[in-house]
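Thank you for making time for this at group meeting. I would like to walk through one structure slowly, for those who have not seen it before, and I will take it part by part.

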Amino acid sequence: MEAKTSEDHLKVQKMKKKVLRKQVRAQHTLMRHEGIKCISHATQNLVIANAGLGNGMSRQQLLRILEEYGAMETLLMPPNKPYSFVKYRTTEEAKKAFNALNGKEVKLEDCSQNIVLYINFVEKGMVFLLPPGLMVIEKIISPEEERRMLESIDWKGDEDTQNAQKTLKHRKVKHFGYEFRYDNNNVDKDKPLPGGLPEICSPFLEKCLKQGYIKHKPDQLTVNQYEPGQGIPPHTDTHSAFEDEIISLSLGAEIVMDFKHPDGRTVAIMLPRCSLLVMTGESRYLWTHGITPRKYDVIQASELGHKVRTITADVGDLTLNRRETRTSFTFRKVRRSPCNCIYPSVCDSQKGQQRPVQPSFPQNEMEASKLEQEYVHKVYEEIATHFSSTRHSPWPRIVEFLRSLPTGSIVADIGCGNGKYLGINKDLYMVGCDRSKNLVDICGEKHFQAFVCDALSVPIRSGSCDACISIAVIHHFSTAERRLATIRELARLLRPGGTALIYVWAMEQEYKNQKSKYLKEKNGSKNKDKEMNTATAQRPLSDQEPDNSSQDSAWSDQLLNNLKDESCDAKPVADFRLPVHTNRTSFHSQDLLVPWHLKGGTKKKEENVDTGLVPGGSKESQELSPVFHRYYHVFCEGELEAVCRSLDCVRVQKSYYDQGNWCVILEKL
């Protein structure tokens with residue numbers, strides 16, 4: 001009897017070790033794919049490995065399993081992933097589910113296969129961001145309008161009468177207005193098709209113009225019909241063929257469309273039936289889009305009552321569904337002049353033109369370090385004196401943070417620049433550091449304590465600071481991993497209970513219908529020479545008085561690169577080079593180069609210096625001053641907060657928007 005008990009005990013211990021190994025493996029997978037770190041203490045949020053849409057778990061079955069242990073606020077099932085996220089209303093309910101389900105074997109209903117669930121706690125679930133310039137409008141037309149538009153397309157009629165019709169490998173297609181030629185990925189602009197666009201489309205297009213979804217009435221229409229299992233390879237529509245706005249109407253069935261950035265990030269976006277996809281700017285010119293051939297897809301469900309108008313961060317309403325026949329109406333405006341977009345390396349109109357060579361987006365750690373060395377570190381060494389002359393007015397909310405700290409607090413300013421915040425509160429012991437020796441020397445001239453170091457490795461003892469500030473620094477790091485590492489280094493310096501204030505430049509320079517100071521001064525007084533003719537017009541933290549107003553991106557992996565087809569409407573994106581930003585305009589890319597027009601003499605010309613043409617700069621500034629380019633990653637709403645929440649050693653006390661910048665206050669746990 002005792003021998004049997006001992007044997008059972010060994011089996012239990014062996015099983016516990018196996019579950020622990022699988023848990024650790026699941027943790028590594030989540031960190032690698034989503035940048036989300038699992039934590040050891042209990043929270044309301046769980047990640048469940050082997051219970052995802054990617055390995056056959058349906059939403060309905062997972063809901064039934066999880067509902068036994070308490071009320072759920074959210075269930076997120078990322079497309080094509082083998083894991084899901086659930087948030088319970090209380091931590092106790094989440095602990096109950098963890099204890100009951102971790103290591104539990106269940107049978108998948110759709111295929112009768114047995115799987116084992118492995119569960120971890122996380123601080124927060126996933127945050128999804130749309131590609132910049134992309135929008136989805138649900139229920140743009142009624143079911144009756146959908147029926148009439150579908151019936152207007154005669155797939156059996158004479159192919160040569162009113163339009164060009166082809167049966168391609170992956171779909172049937174008809175062109176109206178102009179035929180898209182798949183042999184050269186372009187349109188013959190001198191040979192319009194007879195009949196123009198179908199009259200049935202006119203009310204829909206008028207609605208789009210009135211609602212502001214498009215600025216110009218399209219003159220080209222491509223109608224595609226997809227049977228279940230069909231798709232289109234990833235591509236961008238040829239730049240020289242069509243204008244910026246491309247809109248696509250989904251009829252007959254919903255579909256998942258996959259978007260991919262040249263740096264490897266991917267987003268799977270569900271396009272509901274009767275919805276309109278709008279692509280402009282970066283999403284139109286830079287991201288590829290395609291439809292993976294498969295018979296099952298990920299669509300929205302309704303078990304938790306979610307209802308979204310535009311598909312943004314909420315993917316809590318997804319489940320598996322068999323595809324049905326879908327027809328798309330894609331409208332474009334034929335381009336009559338060469339494309340002059342800010343993505344010359346992927347633009348067929350601009351290939352071969354003589355222009356300064358722009359750096360490529362880094363593909364690895366070595367390339368990232370080299371990019372930052374050339375387009376951040378060297379630039380600030382060159383422009384330090386001029387830069388310092390434009391940095392003299394502290395920002396009120398940063399001053400407020402520093403003055404709120406207890407007397408005698410030890411505070412580190414990581415990336416202190418010329419030290420304008422080091423002397424704000426005489427009751428603090430403040431020390432600064434910066435990557436630029438010349439800026440640190442300026443701090444010394446002001447009798448501030450500062451030293452040279454990299455924000456990724458600060459030579460200060462762990463847990464020795466009561467507070468830290470990082471103002472306009474982290475947006476200069478060129479990969480998500482390096483930005484996360486910088487925040488982790490800030491947290492290392494803090495004692496438990498210590499706080500850190502972080503500011504980064506925002507993608508959204510117009511927020512809550514208010515333009516930032518940066519945009520407002522686009523047409524400001526010409527007498528503001530210091531602000532308009534120099535790079536102060538580009539700085540994210542301007543020296544004007546601001547108002548006191550107040551998602552690490554998660555990307556789904558798609559097997560898109562292996563899909564090649566001559567029926568693609570354009571050429572694949574390759575060799576992405578960073579665009580140069582135009583002064584005082586909205587951002588169209590998250591990763592870009594920002595010009596700095598140097599005043600006060602000519603500097604030697606290097607890779608990051610251009611004494612010639614500067615997009616958006618004045619003629620005088622082009623002729624009289626060298627132009628340096630600084631690398632920036634501008635943050636989307638929710639992105640900074642999501643990166644911070646991925647660290648289990650801190651919590652976000654507060655997050656807010658301050659004059660074109662996203663800001664967080666962290667507390668060390």
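**A walk through the model**

Helix 3, which covers residues 91-101, lies across strand 2, strand 4 and strand 7, and its direction makes an angle of about 155° with strand 7. Before I go on, please keep in mind that this is a predicted model.

Helix 2, made of residues 59-67, lies across strand 2 (45-49), strand 3 and strand 4 (83-88), and it runs at about 145° to strand 3. The strands I have just named belong to an open sheet of 5 strands, whose order is 1-7-2-4-3 and whose pairing is antiparallel. At the edges of this sheet are strand 1 (38-39) and strand 3 (72-76), each of which pairs on one side only. Strand 1 is joined to strand 7, residues 118-122, by 2 bridges, and these two strands run antiparallel; within strand 7, the residue opposite isoleucine 39 is phenylalanine 121.

Let me turn to another sheet. Here 4 strands form an open sheet in the order 14-19-16-17, again with antiparallel pairing. Strand 14 and strand 17 (266-271) are at the edges, and each has a single partner strand, so one side of each is left without a neighbour in the sheet. From one strand to the next, the twist averages 20°. Inside the sheet, strand 16 (residues 255-260) pairs with strand 19 in the antiparallel sense over 3 bridges, and aspartate 258 has glycine 290 of strand 19 as its bridge partner.

Two strands of that sheet also return in the lining of a cavity, the second largest, whose volume is about 160 Å³. Which elements supply at least two residues each to its lining? They are strand 13 (220-226), strand 14 (232-235), strand 18 (276-279), strand 19 (288-291) and strand 22 (326-334), and strand 22 gives the most, with 4 residues. In total 17 residues line this second largest cavity, and those nearest its centre are Tyr226, Ile232, His289, Thr330 and Arg332. By class, its lining divides into 6 nonpolar, 6 polar and 5 charged residues.

The largest cavity holds about 540 Å³ of space. It is lined by 32 residues, and the closest to its centre are Gly415, Asp434, Ile471, Ala472 and Val473. At least two lining residues come from each of helix 7 (365-389), strand 23 (410-414), strand 24 (429-434) and strand 32 (627-633), with helix 7 giving the largest share, 5 residues. The lining of the largest cavity is made up of 17 nonpolar, 7 polar and 8 charged residues.

Helix 7 has a further role in this picture, as a partner of helix 9, residues 437-445: the axes of the two helices come within 7 Å and cross at roughly 35°. On the side of helix 7 the contact is made by Tyr380, Glu381, Ala384, Thr385, Phe387 and Ser388, and on the side of helix 9 by Lys437, Asn438, Leu439 and Ile442. Sorted by class, this contact has 5 nonpolar, 3 polar and 2 charged residues.

I will end with confidence. The protein averages a pLDDT of 79, and 77% of the residues score at least 70. Over residues 302-316 the pLDDT is below 50, although this stretch has 41 contacts in the model beyond near neighbours in sequence. Residues 601-607 also have a pLDDT below 50, with 13 such contacts. Where pLDDT is low, the predicted coordinates should not be read in detail.

Key:
Residues numbered from 1 in each chain as written. Predicted model: local features only at pLDDT ≥ 70, side-chain atom pairs only at ≥ 80, totals over all residues. Heavy atoms only, no water. 1 Å grid on protein atoms, 1.4 Å probe; cavity = no way out; pocket = protein on both sides within 12 Å on 5 of 7 lines; lining within 4 Å. Points joined across faces, edges and corners; volume = space filled by probe spheres on them. Nonpolar A, V, L, I, M, F, W, Y, C, P; charged D, E, K, R; others polar. pLDDT = per-residue confidence, 0-100. Contact = heavy atoms within 4.5 Å. Pairing = 2+ DSSP bridges. Axes fitted to C-alpha atoms, helices over the stretch in contact; angles between N-to-C directions.
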